[in-house]
Structure formats: C-alpha cells, structure tokens
Amino acid sequence: MLRRKPTRLELKLDDIEEFESIRKDLESRKKQREDAEVAAAGEEAAAAAIALGADHKSREQIINDRIGYKPQPKAGGRAAHFGTFEF
C-alpha cells in the first residue's frame with residue numbers, strides 16, 4: 001500500500017455560512033413538525049374526551065361503532081343445550 005502525505009482541508013467563511021443556514025433550516029423544519037404533532041395529539045385527545053364523556057362507552061363499543069359492527073347476542077349456545085341434555 002502506498003503512503004501519501006495528508007491532504008490539507010481549508011474551511012472558508014462561505015462554507016461556514018452555508019452550514020449555518022442549512023442547520024437553521026433543518027431546525028425550523030423539525031420544530032414545525034413537532035408543533036404539528038403536538039397539535040394533532042391535542043385534537044385527538046379532545047375528540048376522545050368528548051366521545052368518552054358523552055356516551056361513556058367502552059373501548060370495544062367505540063371500535064365497533066367506528067367500523068360499523070353490531071354484534072348480535074348468540075341465542076342457544078352450548079349452555080342452553082346442556083340444560084336440556086342435548087349434545
């Protein structure tokens with residue numbers, strides 16, 4: 001393997017200014033994204049509080065309402081057959 005002399009890197013004022021502008025831009029984007037997430041979480045919590053406060057439904061009932069599932073109770077399950085000795 002050939003050895004060579006170390007390369008000298010020079011940092012110019014323009015490079016520092018470009019780095020600072022990019023860093024500030026990324027930080028502002030990150031802050032906007034975090035603010036949007038906090039606002040969305042607050043809206044979801046308020047909607048959940050309204051849904052739970054108004055109807056006092058269980059989590060299962062809320063999910064069933066949201067997806068449109070209406071469970072029907074089973075008539076004549078295994079316990080009903082046991083009482084009449086029909087297996």
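Accessible areas here come from the Shrake-Rupley method with a 1.4 Å probe. The exercises below concern a predicted model.

**Exercise 1. Describe the chain as a whole: its surface, its elements and its confidence.**

Step 1. The accessible surface of the chain comes to about 9,000 Å², and 57% of that belongs to carbon and sulfur atoms.

Step 2. Of the 87 residues, 1% count as buried.

Step 3. The chain has three helices and zero strands, in the order α-α-α from the N terminus.

Step 4. The average pLDDT is 79, and 70% of the residues score at least 70. Among the elements, helix α2 (residues 59–67) has the highest mean pLDDT, 88, and helix α3 (residues 78–83) the lowest, 56.

**Exercise 2. State what the UniProt record lists for residues 9–36, and describe that span in the model.**

Step 1. An unreviewed UniProt entry lists residues 9–36 as "coiled-coil region".

Step 2. In the model, this span is 86% helix and 0% strand. Its end C-alpha atoms lie 41 Å apart.

**Exercise 3. Find the salt bridges of the structure and decide which of them share partners.**

Step 1. A search of the whole structure finds three salt bridges.

Step 2. E20 and R23 meet through their side chains at 2.5 Å, N to O. Both lie in helix α1, three residues apart, about one turn of the helix.

Step 3. R23 also forms a salt bridge with E27, with the closest N and O atoms 3.1 Å apart. R23 and E27 are separated by about one helical turn because they are four residues apart in helix α1.

Step 4. The side chains of R29 and D25 meet at 3.4 Å, N to O. R29 and D25 are four residues apart in helix α1, so about one helical turn separates them.

Step 5. Shared partners join E20, R23 and E27 into one network of salt bridges.

**Exercise 4. Classify E20, R23, L13 and S21 as buried, partly exposed or exposed.**

Step 1. The cut-offs are under 20% relative accessible area for buried and over 50% for exposed, with partly exposed in between.

Step 2. E20, at 27%, is therefore partly exposed. R23, at 33%, is partly exposed too.

Step 3. L13, a residue of helix α1, has 59% relative accessibility and so counts as exposed. Together with L11 and I16, L13 makes a nonpolar surface patch of about 320 Å².

Step 4. S21 lies in helix α1 (residues 13–55) and is partly exposed, because its relative accessible area is 42%. A polar atom of the S21 side chain lies 2.8 Å from the backbone oxygen of E18.

Conventions. Residues numbered from 1 in each chain as written. Predicted model: local features only at pLDDT ≥ 70, side-chain atom pairs only at ≥ 80, totals over all residues. Heavy atoms only, no water. Helix = DSSP H or I, 4+ residues; strand = E, 2+ residues; numbered from the N terminus. Buried < 20%, exposed > 50% of the residue type's maximum accessible area, 1.4 Å probe, protein only. Polar contact = N/O pair within 3.5 Å; in protein donor to acceptor, adjacent residues only side chain to side chain. Patch = residues over 30% accessible without salt bridge, like charges linked within 9 Å, V, L, I, M, F, W, Y side chains within 5 Å. Salt bridge = Lys/Arg side-chain N within 4 Å of Asp/Glu carboxyl O. pLDDT = per-residue confidence, 0-100. UniProt positions renumbered as here; feature names shortened; annotations may be inferred.
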